[in-house]
Number of protein chains: 2
Amino acid sequence: MGALKLSLEAFAELSSQDRTLIERLAGKSVREVAPRRDLVREGDRPRAVALMLEGWACRYKQFPDGRRQIVGFHIPGDLCDSGLSIVREMDHSIGAVTRLSYAEIGLADFEALIAQSPVVARALRWNELVNAAIAREWVANVGQRSAYERLAHLFCELFLRLKAVGLTDGESCYFPLTQMDLASAVGLTSVHVNRTLQEMRRDGLLTFGFKRLVIPDLEALKRVAMFNANYLHLGMSGGLPD
Amino acid sequence: MGALKLSLEAFAELSSQDRTLIERLAGKSVREVAPRRDLVREGDRPRAVALMLEGWACRYKQFPDGRRQIVGFHIPGDLCDSGLSIVREMDHSIGAVTRLSYAEIGLADFEALIAQSPVVARALRWNELVNAAIAREWVANVGQRSAYERLAHLFCELFLRLKAVGLTDGESCYFPLTQMDLASAVGLTSVHVNRTLQEMRRDGLLTFGFKRLVIPDLEALKRVAMFNANYLHLGMSGGLPD
DNA sequence: CGTCTGATTGAACTGATTCAACGGATGTGG
DNA sequence: CCACATCCGTTGAATCAGTTCAATCAGACG
């Protein structure tokens with residue numbers, strides 16, 4: 001995982017020792033998941049922490065009647081469930097969006113890591129807080145914004161998060177979500193997402209398709225989304241914003 | 001605060017020493033806030049942890065154009081922002097719904113408390129995780145449920161949380177939210193909340209008014225809300241469910 | 001009393017859903 | 001290499017849940 005930049009590194013300056021510690025753990029047990037398979041299912045007892053290496057995952061809640069809401073995405077460099085060892089059972093599922101690989105870090109190793117490096121421990125708490133902040137932002141997104149604004153906001157968030165871990169290429173990035181994924185993330189139907197995306201393309205805000213997203217003018221997109229990056233709490237060290 | 005039951009106590013069995021430690025801190029600096037005033041404003045640097053003693057508060061996000069989304073409520077016994085000392089600035093505001101009093105716990109005292117009691121430290125992490133889980137549940141609530149279901153779900157959540165800290169009285173509880181508060185918590189207009197509440201009353205699901213909520217048949221309400229209490233992660237010790 | 005804030009009602013409107021069909025790309029097995 | 005299936009994106013038309021605007025009403029409070 002030499003090239004991998006951790007999302008933690010947007011929160012804290014990790015020493016080379018810290019990185020070595022983490023890399024050693026990450027090498028121990030790498031798992032692969034096929035696209036659209038679940039990593040963890042609601043009701044499971046959480047067993048381990050996952051460091052995302054490649055591919056995208058989503059957290060989602062499924063209702064008895066089949067409705068489904070995505071409540072967050074995870075991209076490479078993200079650390080999932082660093083706190084959930086405390087919890088008895090998962091209240092939602094995590095599914096692979098693409099083919100995906102992650103490093104499974106056992107609880108004992110994880111606790112040892114925290115004990116060894118206060119910087120890492122602090123970054124982990126930060127990570128948890130940011131996850132919660134993202135969830136709150138999503139509430140506001142789905143609760144108050146129009147379809148057009150919601151999608152714009154989601155694109156902004158994901159683009160900035162990808163940028164923070166070095167996964168953007170100028171004004172574009174790999175973007176594997178289908179319109180159905182987008183729909184269940186922003187609480188709309190895929191039909192309406194489709195029509196809204198057409199509108200956004202017409203307005204020159206973005207190009208979307210073939211698993212790539214291009215945002216020619218990020219500032220313009222932020223403006224229509226009323227996007228304020230403060231909730232990502234980036235920029236403690238490198239990474240972002242700008 | 002002899003009578004106060006902490007929401008933490010739904011997660012961990014606190015020893016009498018733990019409680020004494022907390023009570024001593026809580027006595028140090030008690031603050032009062034008038035209804036509809038802000039405790040913390042977006043952009044502020046968080047300074048202290050707040051232990052809610054009396055009254056209700058809400059977390060909310062306000063957009064430049066005036067739209068407003070409530071992203072969570074806090075009731076007596078809740079501990080707010082136990083993690084936010086790490087964060088540079090608040091990404092949302094906290095406002096008093098009612099007249100309210102809380103104990104402000106300084107960071108130094110707080111860190112000392114954590115260091116002294118591993119049980120409390122663990123309960124605090126649990127508390128943070130539950131807050132995040134609630135936010136995710138709200139995303140699903142606003143994203144997927146109908147107006148009728150959304151309100152039912154919110155009532156279920158608040159009733160159970162109140163019950164967990166001993167603030168319910170059989171099938172009823174003190175409930176100071178206005179229809180406008182409800183509206184901006186579930187992402188609807190107050191007009192539509194009003195009409196939906198009338199429907200719910202007609203269906204015998206609840207009585208609401210005069211700052212009291214009565215739920216004659218909680219199971220029925222849960223059913224229409226598709227409410228699953230798992231995300232509250234109660235029931236480690238006393239409190240709940242059932 | 002007069003003034004607020006919050007609850008209630010009505011009527012017109014609209015953003016988003018629903019249902020149903022079709023098209024294009026990709027993959028797979030024979 | 002074709003036949004078939006599947007997944008995803010696209011389109012149209014009808015419908016509906018929730019909004020908007022505007023007026024009225026009721027209780028609370030100085």
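In this predicted model, a side-chain N or O atom of A:Gln179 lies 2.7 Å from a phosphate oxygen of DNA strand D, a polar contact in the sense of a pair of N or O atoms within 3.5 Å (within protein, one must be able to donate a hydrogen and the other to accept it, and residues adjacent in sequence count only if both atoms are side-chain atoms). A polar side-chain atom of A:Asn194 is likewise placed 2.7 Å from a phosphate oxygen of DNA strand D. Chain B takes part through its backbone, with an N or O atom of B:Ala147 lying 3.0 Å from a phosphate oxygen of this strand. Two or more residues of the surface near DNA strand D come from each of helix 5 (179-186) and helix 6 of chain A and helix 6 of chain B; helices (H or I, at least four residues) and strands (E, at least two) are DSSP runs, numbered from the N terminus. Helix 6 of chain A gives the most, with 5 residues.

For orientation, residues are numbered from 1 along each chain as its sequence is written, while chains are lettered from A and ligands numbered from 1 in the order in which they are written. As the model is predicted, local features need pLDDT of at least 70 and side-chain atom pairs count only at pLDDT 80 or more, whereas totals for chains, interfaces and linings use all residues; side-chain values use heavy atoms, with hydrogens and water left out.

Around DNA strand D there are 16 residues, of which A:Gln179, A:Asn194, A:Arg195, A:Gln198 and B:Thr189 come nearest; a residue is near a molecule or strand if one of its heavy atoms lies within 4 Å of it. Of the atoms of DNA strand D within 4 Å of the protein, 68% belong to sugar or phosphate and the rest to bases. By class, this surface has 5 nonpolar, 8 polar and 3 charged residues, where Ala, Val, Leu, Ile, Met, Phe, Trp, Tyr, Cys and Pro count as nonpolar, Asp, Glu, Lys and Arg as charged, and the others, Gly among them, as polar.

Turning to DNA strand C, 16 residues surround this strand, and A:Thr189, B:Gln179, B:Asn194, B:Arg195 and B:Gln198 come nearest. Sugar and phosphate make up 67% of the atoms of DNA strand C that come within 4 Å of the protein. A polar side-chain atom of B:Gln179 is 2.7 Å from a phosphate oxygen of DNA strand C, and a side-chain N or O atom of B:Arg201 is 3.4 Å from a phosphate oxygen of this strand. From chain A, a polar backbone atom of A:Ala147 lies 3.1 Å from a phosphate oxygen of DNA strand C. Helix 6 (190-202) of chain A, helix 5 (179-186) of chain B and helix 6 (190-202) of chain B each supply at least two residues of the surface near DNA strand C, and helix 6 of chain B gives the most, with 5 residues. This surface divides into 5 nonpolar, 8 polar and 3 charged residues.

The strands of chain B come next. Strand 4 (residues 57-62) and strand 5 of chain B pair in the antiparallel sense over 6 bridges; two strands pair if DSSP finds at least two bridges between them. Among the bridge partners, B:Lys61 is matched with B:Gln69 in strand 5. The two strands form a hairpin with 5 residues between them, and B:Gly66 in the turn has a positive phi of about 100°. Strand 5 (residues 68-74) of chain B is largely enclosed by the rest of the structure, because 6 of its 7 residues are buried; buried means under 20% relative accessible area, exposed over 50%, partly exposed in between (1.4 Å probe, protein chains only).

Chain B also holds an open sheet of 4 strands in the order 1-8-3-6, with antiparallel pairing. Strand 1 (30-33) and strand 6 (79-80) of chain B stand at the edges with a single partner strand each, so one side of each is left without a neighbour in the sheet. Within chain B, strand 3 (residues 48-54) and strand 8 (residues 100-106) run antiparallel and are joined by 6 bridges, with B:Met52 opposite B:Tyr102 in strand 8.

Finally, the cysteines: the structure holds 0 disulfides over all chains, a disulfide being a pair of cysteine sulfur atoms within 2.5 Å. The sulfur of A:Cys58 is 11 Å from the closest cysteine sulfur, in A:Cys80, too far for a bond, and A:Cys58 is buried at a relative accessible area of 3%. In chain B, the sulfur of B:Cys80 is 11 Å from the closest cysteine sulfur, in B:Cys58, again too far for a bond; B:Cys80 is buried at 5% relative accessibility.
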